[in-house]
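Me: I have a protein model open and I'm a bit lost. Can you walk me through it?

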Amino acid sequence: RKVNSSMSFSGSCFIVLLIQWIALDRKCKPLNKGTHNKLLVISFDGFRWDYDQDVDTPHMDKLVEDGVKAKYITPPLQNAIDLLCAFEPLLHPVIRSIHVMSIPFLLFQGLKTGSFFFPGGGANYSGQCVNRALVEETGQQDDNETEWRQNIDTVLSWFTEEDFDFVTLYYGEPDNVGHAKGPDHPDRKTIIKQIDRTIGYLREAIQRDGLTDNLNVIITSDHGMTTVKKIPLVDEIILSKYLNFFNLVYFELLDYGGFGMITPKKGKEQHVYDALMKAPNLTVYKKEDMPENFHLSKNDRMQPIIVIADLGFNLNSVGRLIVYVNKGDHGFHMDEMDMKTIFRAFGPDFKKSYLSEPFDSVHIYPLMCKLLQIDPAPNNGSLSVTEGMLVQNDTSRELLLESILVSKCMTVSIN
Ligand SMILES: [Zn+2]
């Protein structure tokens, strides 16, 4: 309504106002284009999209009313990312989950950012990237609820006491329990209840610390989980039954669950491809033919042949004995519903009771940049997919700010 009234001023009045605006610009500029709310991104590793549907989760249910829920989101091919990132200590799970190296990038745009994750296995940031990035690692048991709450207190204090703009918080559950016991085990439900209580605590703590009106929160995850199918119930996919490794294969990354990559010997690409096409329960891709939504075909470190086992199957290169301790696993094709994961969001910039259609997790990054009002680095995401969940788009926000500014300046000049 304010926007409309400012637009209906007559021409001359507008020029007067414009001059006043320019004159008063310095005094009268409480809000500017760079004003943004703070952002907390929380990742609960391996939270399958439907984990809250067979458990009582009052706090997550309340979030549906108070914010945005996507029906589910589609992660990138997780084990591919894991393998590609094996030599990239800069990447940690939260960043992987949003599929970009956003933190070092954000640091260069002058934002204060931090990251909190445990246990161990997490990475530190390279020296010159660290602005005020605090990285905490404890290496302790990962399901201690008291500690989970302390972590929330810590990251909220980074916002309130140290004026951070953007913080990521990572929890290793329910991935751990999903691997160890399988997604259908009662212990998985117990952890989901604990996560739900933690989200309840987060919301209390945000209110307690006075952050309700200037902190946006995204809760998401990096992938889902499925029950591993084991012998004798199913056959392992032993690739050497179909492929002469000695003659055809130069290098391979196999035996890591359901995803693998192969570099054929020179000139043998088609041979390898044709041979693997005969294997059951397996999808074979040439790098250049990978589906667009893998977002990997242009990645330098992808090898020429990519193999993905059917849901729940493991790859075994030469039939060696692999002891599968996992009862659950991920890294299977992201079109499988078991690989889908969650997206929830709330805060001043998010609509309430907004149910988003499913989307690919690559679109979270441009959303984060939009919330922080910074320019995104080149990426595969698109803001148009996610901006419908925001209260207002940039133009209307700017118009609103302008009209507030104009009316304030008018008041000043009249007085
Ligand atoms: Zn995992």
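Reply: Here is a short tour, one topic at a time.

Me: What kind of model is it, and how are residues numbered?

Reply: This is a predicted model: local features need pLDDT of at least 70, side-chain atom pairs count only at pLDDT 80 or more, and totals for chains, interfaces and linings use all residues. Residues are numbered from 1 along each chain as its sequence is written.

Me: How many helices and strands are in the protein chain?

Reply: The protein chain has 14 helices and 18 strands. Both are DSSP runs, numbered from the N terminus: helices are H or I with at least four residues, strands are E with at least two.

Me: And how much of the chain is buried?

Reply: Buried residues are 39% of the 415 residues. A residue is buried if 20 or more other C-beta atoms lie within 10 Å of its own, exposed if 12 or fewer, and partly exposed in between, with C-beta atoms placed from the backbone.

Me: Where should I look for a buried strand?

Reply: Try strand E1, residues 38-44. In E1, 7 of the 7 residues are buried, so the strand is largely enclosed by the rest of the structure.

Me: Which residues point which way from E1?

Reply: Lys-38, Leu-40, Ile-42 and Phe-44 point one way. Leu-39, Val-41 and Ser-43 point the other way.

Me: Which strands pair with E1?

Reply: One is strand E7, residues 215-220, parallel to E1 over 6 bridges. Another is strand E6, residues 166-171, which also runs parallel to E1 and is joined to it by 6 bridges. Two strands pair if DSSP finds at least two bridges between them.

Me: Which residues sit opposite Ile-42 and Phe-44?

Reply: Ile-42 has Ile-219 of E7 as its bridge partner. Phe-44 is opposite Tyr-171 in E6.

Me: Switching topic. Which residues touch the most others in the largest nonpolar core?

Reply: That core has 56 residues. Leu-40, Val-155, Val-167, Val-217, Ala-345, Met-368 and Leu-372 touch the most other members. A nonpolar core is a set of buried Ala, Val, Leu, Ile, Met, Phe, Trp, Tyr and Cys residues joined through C-beta atoms within 7 Å.

Me: Which element gives the most to this core?

Reply: Helix H12 does, with 7 residues. H12 covers residues 364-372, and 8 of its 9 residues are buried. Among them are Ile-364, Tyr-365 and Cys-369. Gln-373 follows H12 and has a positive phi, near 55 degrees.

Me: What does Leu-40 touch?

Reply: Leu-40 touches Val-155, Val-167, Leu-169, Leu-215 and Val-217, leaving out residues up to four places away in sequence. Contact means that the C-beta atoms of two residues, placed from the backbone, lie within 7 Å.

Me: Why would nonpolar residues gather like that?

Reply: In soluble globular proteins, nonpolar side chains tend to be buried together.

Me: OK, helices now. At what angle do H3 and H9 pack?

Reply: Helix H3 (residues 58-66) and helix H9 (residues 186-208) pack at about 55 degrees, with axes 7 Å apart. That makes H3 oblique to H9. Axes are lines fitted to C-alpha atoms, for helices over the stretch in contact, and angles run from 0 to 180 degrees between N-to-C directions. Under 35 degrees counts as roughly parallel, over 145 as roughly antiparallel, 65 to 115 as roughly perpendicular and the rest as oblique.

Me: Which residues make that contact?

Reply: H3 uses Pro-58, His-59, Met-60 and Leu-63. H9 uses Asp-196, Arg-197, Ile-199, Gly-200 and Arg-203.

Me: Which strands make up the open sheet, and in what order?

Reply: The order is E10-E11-E13-E12, with antiparallel pairing. The edge strands are E10 (249-253) and E12 (282-286), each paired on one side only. The twist averages 20 degrees from one strand to the next.

Me: How many bridges join E12 to E13?

Reply: There are 5 bridges to E13, residues 305-309. Lys-286 is opposite Ile-305 there.

Me: Last one. Where is the cis peptide bond?

Reply: From Glu-173 to Pro-174, with omega near 5 degrees. Pro-174 is in the loop between E6 and helix H8 (175-181).

Me: And is Asp-163 buried or exposed?

Reply: Asp-163 is exposed, with 10 other C-beta atoms within 10 Å. Its phi is positive, near 60 degrees. Asp-163 lies in the loop between helix H7 (145-162) and E6.
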